Amino acid sequence: MPEAKKPELPDDETVQGGQSELTGLFVERPESTTVIKGKNVTFVAKVDSSDLLRKPNMKWLKGKWLDLGSKAGKHVQFKEAYDRNSKVYTYEMSIIKVVEGDAGGYRCEVTSKDKCDSCTFEVTVEAVQEEQPANILDSFKRSGDAGEDAGDLDFSALLKKREKKARDEPKEEVDVWEILKDAKPCDYEKIAFDYGITDLRGLLKRLKKMKKVEPKKSDAFLKKLEQCYSVDKGKRTQMHVELHDPNVQVKWLKNGVEIKPSAKYVFECVGNKRTLTINKCNLSDDAAYECVVGEEKSFTEVFVKEPPVTITKLLDDVHVVVGEKVEFECEVSEEGANVKWMKDGVELTKDGKYRIKKDGKKHTLVINEATIEDIGMYYVYTNGGESKGELEVEAKELEVLQSIADLSVKACEQAMFKCEVSDEKVVGKWFKDGVEVKPGNRIKMSHIGRIHKLTIDDVKPQDEGNYTFVPEGYALSLSAKLNFIEIKIEYVPRQDPPKIHLDTSSTGSKNTIVVVAGNKLRLDVEITGEPAPTVCWMKGDTVISEAEGRVRVETRTTLSSFVIEGAERPDEGQYSIIVTNPAGEDRAELTVKIVDVPNPPENVRCMGVGEDTATITWDPPKFDGGAPIKGYLMERKKQGSSRWTKLNFEVFESTTYEAKKMIEGVFYEMRVFAVNGIGISQPSGNSKPFMPIAPTSEPTRLTVEDVTDSTCALKWRPPERVGAGGVDGYIIEWCKEGEDNWVGANKEPVDKNTYRVKGLPTGEKLLFRVVAMNIAGRSPPCIMKQSVIIREIMEYPKIRLPRQLRTKFIRKVGEKINLVIPFQGKPRPVVNWLKDGEPLENKSVGIRTSDFDTILFIRSAERDHSGTYTLSVQIDNMQDKADIHIQIVDKPGPPINVMVTDVWGFNAALEWKPPKDTGNTDITGYTIQKADKKTQGWFTVYEHNRRPSCTASDLVMGNEYSFRVFSENICGLSDEVAFSKNTAIIGKTDLEYNKPAFKEKDMSSSPKFTAPLVDRVVVAGYSTAISCAVRAYPKAKIVWMKNKMIIGEDPKFLMQNNQGVLTLNIRKPGQFDGGKYSCKAINDLGEDEVECRLEVRGTGTHTQCHAFTHRHAQTHTHTHTHTATPIILSMRQTFIGSQ
């Protein structure tokens, strides 16, 4: 083969495909390289997916067609990785042990929905530089790659290489491009291989530039479909072709399947132009389409673009406490759209912490239990927008409702520490002097609801110390001291006066004890004196006796304890303790003050609203709980919802609060808590629902529609921004030019966008303005720029005849006619109606006239209502007229003189005359029907026949036909029909049919019972029946007998014969009705008889009767069907020839 010059290939070009948008998705592209034969090479491509909603699809191609994904294996390997932080996909392709066939052009292509990107690179393979092996044994190689002992020995390396002799003949230069220009496309690859061309892609590009391929002329198409069509989702697209032959039929195919015309796919044919229209395109219409004419086809593709999904409801900021549930909610413009949730640049997916819900257009991100780590900004992305919302999480605070108190107990007594916290779920530990207390026989711990108790039975000296309760998860501790009191008996030879040792220094003020409502007060007062003094506790002048109760006194020898269980507000007051003994008396005064949480605030109300704000005010609580009010906490919720949202975590001192970040048009409710040093009050009553809303913008396009001497008609357009409150109506105001005294034209807002202001001063120049009203108040006014002079404007009379009345107005008899004809003119013109030039006096024609139109109405149209109606409107000597032509039509009469004029072969010719009554309109055709004398059934021969004659064909030989004809006009067929006066007889040929003689079958037979009587056991008092079946012809005479005696006309027995099924009904049989019953059938050919036994038992034998009947029925299943019942026993069996 002569050596060819290697062709110069053009530089690589980026080829854009189809309708995909070529975008820069690659972060890193593979580069061309040169590799030594037998070595490995790896190519790396990186793709940025931060703007993609789906994972991109990567393809590695060699040349233009070869997909290397199908060649993956030991020689070609692929690898893929993804970095979540940078949102970058890394794709690697490795070629193991490169061979010469791997040289050439490569391409990598990445696609993702409507985006794509591609890049090319070259691989050049160089041969290995051979060296003479030092050891000849190295030249012995084995074929294969499995190991040194695998394969066959290969001695080719020892062969001596011969140098090629230079040929003396001159080398012929071959122009490869000339060969390729004349070659078939299927031979391109072979020619490229023969001449050493590796870049097939560049080869095809150069050939495309060199060859100016003239498009093949089509025999069917003048103009084919475009290469592709692009359409937005939901829009309409059209595809056109033009044909040589305007009468040829075309087919439209979608993905190879024929399309049928429908509301979605509309076919149009205008001359030689054919159009396919696709309405409301969706993703399923993104396909390949063909137009087929005979054996020729025209191809195209339709690409449907999805509109970007926008966010219609943005995320709201959320403020919660640790452990609460968090929901971020947004709405998008389309149902089923995909959204992406992110926080701190990391995409959020469904796991144990996050839940993502989708409900139509609503998308929700749920965090089950909020933690401090969840604080941050959350984003939601669609392919057409984004929104963000901030999450703030506050640490949960534990409130102490009742703290533990110090105790002083004696030996063997019980000590109980009790505290109450705000959260029932909180658990904790008890400590004594820093050491955890463990439960035992004497020490018990309990946790019931919010109350925690530590009980110590049989107190001992070693139990004395400091006890602390520490809730888990909170930086909080409650401490109290247990004092052990030792009883010492001293003998004093002398008497000591009584002494009260009262210590109230820890309460903050002298002899004043402050107790939280609901807590227990125990005041231990040590008393000394010899002999033991008598103790008396008093509240005012009332003595507190020692008794069991909520308020009591516990007295010991040297200790008196004043106890109040569950302190209440009435317990507040002045108390005194008096101790006396023979040596003297001592007295002490103390004050008990009861403090509590305050009452809830009152009269919570909304004082004003804005677009997303509301001003709330309330009254302070009537009772502050005995402690000054520190401030207030506010909550709000949507009306109908049960979820309250906290508005502040720090107490708010004022009684007026402005709530923000609300949604316009949504009803809210508010409630307020009061806070003092003791705690938080109960919530106040809910405020009345209020809606954050703003007034509308001003109305637009205020213009004058009409002016009279005392009125002015105005019209305007609604405001451009309405808001969620809508528009309740409009207020119209006017004032004289140069003044500022606006006068209201209407007291109540008007709903319409037009209004006539009345009672205006004649001749004055006035200004007008319009204000929109809604729940938020008045909008800014729309003021007319120029003043209006209140004076009547003369206007020529003019009739504005509707388009349908400018031609003949046709209606059917009995229909309603209602013609509304507007006119204009000022002052109000005089309206006059004429019919055919005469005054309109027909009472069945009604006329109604207003200031701007006149109505002619007929409740039921008749033919005499047809004619020319003239309408005239006149103002003084000015006049305008209009003519209206009304035609009332009815069904026509029947044709006249229908005749069969000729009969030949299987045809008959008919003629007739048009009807006398055409129904006041033209005859549009005739309907002809035929009927043969045998069947008398009418069948249509012709419809809409325009001529008064026709030929009836395909008549049946040997039949005689009559004909009838209907007249037809725009009202339909005539009610009456005209029959032909003569008939058409279709003569028979000379064929003769010999009818065979009929031989009647002899059905005679002697009586034979096909189903016998069956023995029965019945219960006395229940009606029963016995049955059998007989076959006989002629009909047999039936005789019933009991004990060989014929049963006559006894009313107790009823005998029936239903097509051979014989039944004897016995009404309420008694014991004497038992016996042998027989049935005999007799005719002229013989007789047959069957019999059975009937046993009648009492009611006590019902069970035995049923069992007997069941067993007996099993022996006759091959001859009859038996239904076991204690009331009626009957049998039916189908048989042949029972007549």
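Here are some worked exercises on the predicted model shown above.

Before starting, note that residues are numbered from 1 along each chain as its sequence is written, and that side-chain values use heavy atoms, with hydrogens and water left out. Because this is a predicted model, local features need pLDDT of at least 70 and side-chain atom pairs count only at pLDDT 80 or more, while totals for chains, interfaces and linings use all residues.

**Exercise 1. An open sheet**

Work out the strand order of the sheet that contains β22, and find which strands stand at its edges.

Step 1. Settle the terms. Strands (E, at least two residues) and helices (H or I, at least four) are DSSP runs, numbered from the N terminus. Two strands pair if DSSP finds at least two bridges between them.

Step 2. Read off the order. The open sheet has 4 strands, arranged β22-β24-β28-β27, with antiparallel pairing.

Step 3. Look at the ends. β22 (311–313) and β27 (354–359) each have a single partner strand, so one side of each is left without a neighbour in the sheet.

Step 4. Add the twist. Direction ignored, neighbouring strands of this sheet are turned by 30° against each other on average. The axes behind this angle are lines fitted to C-alpha atoms, for helices over the stretch in contact, and angles run from 0 to 180 degrees between N-to-C directions.

Step 5. Zoom in on one pair. β22 and β24 (residues 326–332) are antiparallel and share 2 bridges. Lysine 313 has glutamate 331 in β24 as its bridge partner.

**Exercise 2. From hairpin to next strand**

Trace the pairing from β55 to β56, and then from β56 to β59.

Step 1. Strand β55 (residues 700–707) runs antiparallel to strand β56 (residues 712–717), and 5 bridges join them. Aspartate 706 stands opposite alanine 713 in β56.

Step 2. Together, β55 and β56 make a hairpin, with 4 residues between them.

Step 3. β56 also pairs with strand β59 (residues 754–757), again in the antiparallel sense, over 4 bridges. Here leucine 714 has tyrosine 755 in β59 as its bridge partner.

**Exercise 3. Salt bridges between distant parts of the chain**

Take the pairs that involve glutamate 329, glutamate 565 and aspartate 917, and describe where the partners sit.

Step 1. Apply the rule: a salt bridge is a side-chain nitrogen of Lys or Arg within 4 Å of a carboxyl oxygen of Asp or Glu. The count comes to 43 salt bridges.

Step 2. Glutamate 329 is bridged to lysine 313, with the closest N and O atoms 3.2 Å apart. This pair links distant parts of the chain, from strand β24 to strand β22, 16 residues apart.

Step 3. Check the exposure of both partners. Buried means under 20% relative accessible area, exposed over 50%, and partly exposed in between (1.4 Å probe, protein chains only). Glutamate 329, at 25%, is partly exposed, and lysine 313 is partly exposed at 24%.

Step 4. Glutamate 565 forms a salt bridge with lysine 520, the closest N and O atoms lying 3.3 Å apart. Glutamate 565 is in the loop between β46 (559–564) and β47 (573–581), and lysine 520 is in the loop between β41 (512–516) and β42 (521–530), 45 residues apart. Glutamate 565 is partly exposed at 28%, and lysine 520 is partly exposed at 38%.

Step 5. Widen the view: a network of salt bridges links Lys520, Arg522, Asp524, Arg552, Glu554 and Glu565.

Step 6. Aspartate 917 is bridged to arginine 863, with 3.0 Å between the closest N and O atoms. Aspartate 917 lies in the loop between β74 (907–913) and β75 (925–932), and arginine 863 in the loop between β70 (853–858) and β71 (867–875), 54 residues apart.

**Exercise 4. A residue in β74**

Decide whether alanine 908 is buried or exposed.

Step 1. Place the residue: alanine 908 belongs to strand β74.

Step 2. Compare its accessibility with the cut-offs. At 0% relative accessibility, alanine 908 counts as buried.

Step 3. Find a residue from elsewhere in the chain. The C-alpha atoms of alanine 908 and tyrosine 961 are separated by 9.2 Å, and the two residues are 53 residues apart along the chain.
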